[in-house]
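Work through the exercises below with the sequence and the 3D structure open. Try each task before reading its solution.

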Amino acid sequence: MIADDSSDNVSLLSRYLQSEGYRLVMASNGAEALERTRSEMPDLVLLDVNMPEMDGFAVLQEIRADPATEHIPVIILTAARPDPIDMQAGLNLGADDYVTKPFDRRELLARIRAKLRVKESMEALRRRHREWSVLAEMARALVAHPGLEGLLDAVLQITTRALGAAAGQVILLTETGASLLSRSIPAATSMIEMLFPQWTDILAQIGETWQGWIIEDTQREPFWQATPNIAVRSAVLVPLVGRSGVLGLILLTHEQAGHFQSEHLSLVQAIAAQVAMAVENIRLQAEAKGRDTLSSQVALRCMAEAVLMFDSAGNLVELNPAAEMLFKERPLAMGRRLASGEGYDALAAAVEEVVISGEPRVVEVPGAQQRTFLAQCVPMERSGCMAVLHDISHFKEMEQEKNEFISTALHDLKTPIGIILGYAELLTRTGSLNEEQSEFAQHIYSTACSMNQLVQNLLELTRLEMGVKFKQEVVDVNALMAAVQDEFGPKVKAKGQLLRVQQAEGHPKIKGDPLRLQWVVHNLIDNAIKYTPNGGTIMLSLEHSDSQVRLSVQDTGCGIPSEDLPFIFQRFYRVRNAATKGIEGNGLGLTIVKSIVEQHGGEVHVESEPGKGSRFTVVLPLLPVADSVAMQATAE
Ligand code: ADP
């Protein structure tokens, strides 16, 4: 652009420049210079300083202040002998150079060429920068939008803005080229298929070349459908090419012909490559998820076990056909917790515990028609709980049969053992035996005693496992302790031991089976005496709180090694070391103790130090005074 009020200057400059092949825009005053700079966006401005209305410096100031024009190089045209202060002011305002009148043609053209070269490289840099920031923004958008529609909308937003397009559309295609998903901006943009009447030809061409192309002028494009109410004069069309071929297309349009440049095409192609990759990833993820969900749903449906799922509030959210069958007669309400009093209280309690604690639980659940289920309740990955119910009725029946068989056999053993015991005792009384004979008789007697003990213990254990009903009576724990103390008097005396009893104040009571509870204390004291050397002390003490009684048996015996402690309540487990050598036993006593205590709603703990002694503590629920009074009244 030449901005000069002197027509002589203008015609001279035009001649010089036209001879070099430049296209020119003229302005004869400052205001016009500014206005034409904005509307024509010249590649360079030759700006006279002294112009009417608005001088060259004011125009320069405005050009530099406007982001749209600030990058246009401006060469100031000055008087023959320029005032250095003026020149400095011009350069400070952002002039790129100045030439003095009269112009030297070669110097002027050389300066113009130099400035245009600088401008070109600056523009290339700016373009690159713009492209990088668009691609970076695109990469962020692709990560931020996990769904296809959101992703395509974001792509359109960014691309139309970056290219200054009036409208845009992304279309995803099926393998046969049919439209699968189409998003456009603004929303009412015409469908791409309508804009191209030979749509299938276009697709075939793109499918072969995988190249995008610019439509400079839609009116001269044979493929373009001239639709009167659509003011589109230029467009750029780029395929989304994935690993498997063309996935779709991006189309951007503008109302002016020639809007899209080759650098636009390469930017959209770079964007399209990223988008194609993101679309394929989303599809792969969806397929994998679909496969997972499908296979787990099929597995759930086909499972013979009943499966129930609960949300984080413990509400039932899903159950498989096996579970529907199982609860046919007492249907479960979806979206609700399991109702209480319907026969599945144990399951409901386990589900609640799992939901709260996040720890797995296993419970037995009684079912209809004498069936028994083992419910494994496990926390689910996100939240809630899954319960899998295995039908263990068959095992239960087998166990019952086994217990009945053992119980019968044990009963049958009791009689002959009793006879052996009786005769062994009689032997010593029916006449004089020599020393060896009486030793044999004694041996027979003590072995029969052990057998008797074993049979008694096994019988009790079998009964406990068969779920024998316990008596529910009021038991005064102080009285129970006193009875056991009396029972052991002679045994303690024989070993020179001291059995001390410390009863609790206020006669605490518990509810349960008096004989079995007595057996618990008996067994603990029997062990304490057994595993404490002669002269040791055994302490039986009782204390209670508002809700519990704590009964402990402490001895000064051999103690239990820490590695054995976790196993001593297991059936037939005996500690075998120098300290226990020669001590008779069958490893069932503590198993029975634990079973009885637990069936009374209590717990048993042990602390022990080898060589120093052991303390067994039984904790049982205290029977509130009011309840014990009521129970005693009904018993009477
Ligand atoms: P046992 O018939 O062998 O005594 P229990 O089941 O009563 O069987 O006890 C299991 C094992 O625990 C015993 O073999 C013994 O080693 C150990 N034990 C039990 N009570 C005591 C105790 N008071 N002091 C030391 N060891 C004990």
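Two residues are in contact when they have heavy atoms within 4.5 Å of each other. The model used here is predicted.

**Exercise 1. Contacts of Ile568**

Task: List what Ile568 touches, not counting residues up to four places away in sequence.

Solution:
- Step 1. Apply the contact cut-off of 4.5 Å between heavy atoms.
- Step 2. Leaving out residues up to four places away in sequence, Ile568 touches Ile560, Tyr573, Val575, Leu590, Val606 and Phe616.
- Step 3. Place Ile568 in a wider group: it is among the residues with the most contacts inside the largest nonpolar core, along with Leu524, Ile525, Leu551 and Val553.

**Exercise 2. The nonpolar cores**

Task: Find how many residues the largest nonpolar core has, and which element gives the most to this core.

Solution:
- Step 1. The largest nonpolar core has 42 residues.
- Step 2. Two or more residues of this core come from each of helix H13 (435–465), H14, H15, strand S19 (537–544), S20, H16 and S22.
- Step 3. The most comes from H15, with seven residues.
- Step 4. A second core, separate from this one, has 34 residues, including Leu142, Leu240, Phe260 and Val268.
- Background: nonpolar side chains tend to be buried together in soluble globular proteins.

**Exercise 3. Val606 and its surroundings**

Task: Say in which strand Val606 is found, and which residues it touches beyond four places in sequence.

Solution:
- Step 1. Val606 belongs to strand S21, residues 603–609.
- Step 2. With residues up to four places away left out, Val606 touches Ile560, Leu565, Ile568, Phe569, Arg615 and Phe616.
- Step 3. For a longer distance, take Leu458, which is 148 residues from Val606 along the chain; their C-alpha atoms are separated by 23 Å.

**Exercise 4. Aromatic pairs**

Task: Count the aromatic pairs, then explain why the pair of Phe569 and Phe616 has the class it has.

Solution:
- Step 1. Ring centres must lie within 6.5 Å for a pair, and the count comes to three aromatic pairs.
- Step 2. One of them is Phe327 with Tyr344, at 5.5 Å centre to centre and 75° between the planes, which is edge-to-face.
- Step 3. Phe327 and Tyr344 are both in the loop between helix H10 (321–326) and helix H11 (345–357), 17 residues apart. Both residues are buried.
- Step 4. The ring centres of Phe569 and Phe616 are 6.4 Å apart and their planes are at 75°, so this pair is edge-to-face.
- Step 5. Phe569 lies in the loop between S20 and helix H16 (589–599), while Phe616 lies in strand S22, 47 residues apart. Phe569 and Phe616 are buried.

**Exercise 5. Cavities**

Task: Find how many cavities of 30 Å³ or more the whole structure has, and sort the lining of the largest cavity by class.

Solution:
- Step 1. The search finds two cavities of 30 Å³ or more.
- Step 2. The largest cavity holds about 100 Å³ of space. Its lining includes Val477, Ile510, Val549 and Val618.
- Step 3. Helix H14 (477–494), helix H15 (514–530), strand S20 (548–555) and strand S22 (613–621) give two or more residues to this lining. The largest share, three residues, comes from H15.
- Step 4. Sorted by class, the lining has eleven nonpolar, no polar and no charged residues.
- Step 5. The second largest cavity holds about 30 Å³ and is lined by Ile510, Lys511, His600, Leu620 and Pro621. Its lining divides into three nonpolar, one polar and one charged.

Definitions and conventions:
Residues are numbered from 1 along each chain as its sequence is written. This is a predicted model: local features need pLDDT of at least 70, side-chain atom pairs count only at pLDDT 80 or more; totals for chains, interfaces and linings use all residues. Side-chain values use heavy atoms; hydrogens and water are left out. On a 1 Å grid over the protein atoms alone, a cavity is a set of points where a 1.4 Å probe fits but cannot get out, and a pocket is an open set with protein on both sides within 12 Å along at least five of seven lines; lining residues have an atom within 4 Å of a point. Grid points are joined across faces, edges and corners, and a volume is the space filled by probe spheres set on the points. Helices (H or I, at least four residues) and strands (E, at least two) are DSSP runs, numbered from the N terminus. Ala, Val, Leu, Ile, Met, Phe, Trp, Tyr, Cys and Pro count as nonpolar, Asp, Glu, Lys and Arg as charged, and the others, Gly among them, as polar. Rings of Phe, Tyr and Trp (its six-membered ring) pair if their centres lie within 6.5 Å; planes under 30 degrees apart count as stacked, over 60 as edge-to-face and the rest as tilted. Buried means under 20% relative accessible area, exposed over 50%, partly exposed in between (1.4 Å probe, protein chains only). A nonpolar core is a set of buried Ala, Val, Leu, Ile, Met, Phe, Trp, Tyr and Cys residues joined through side-chain atoms within 4.5 Å.
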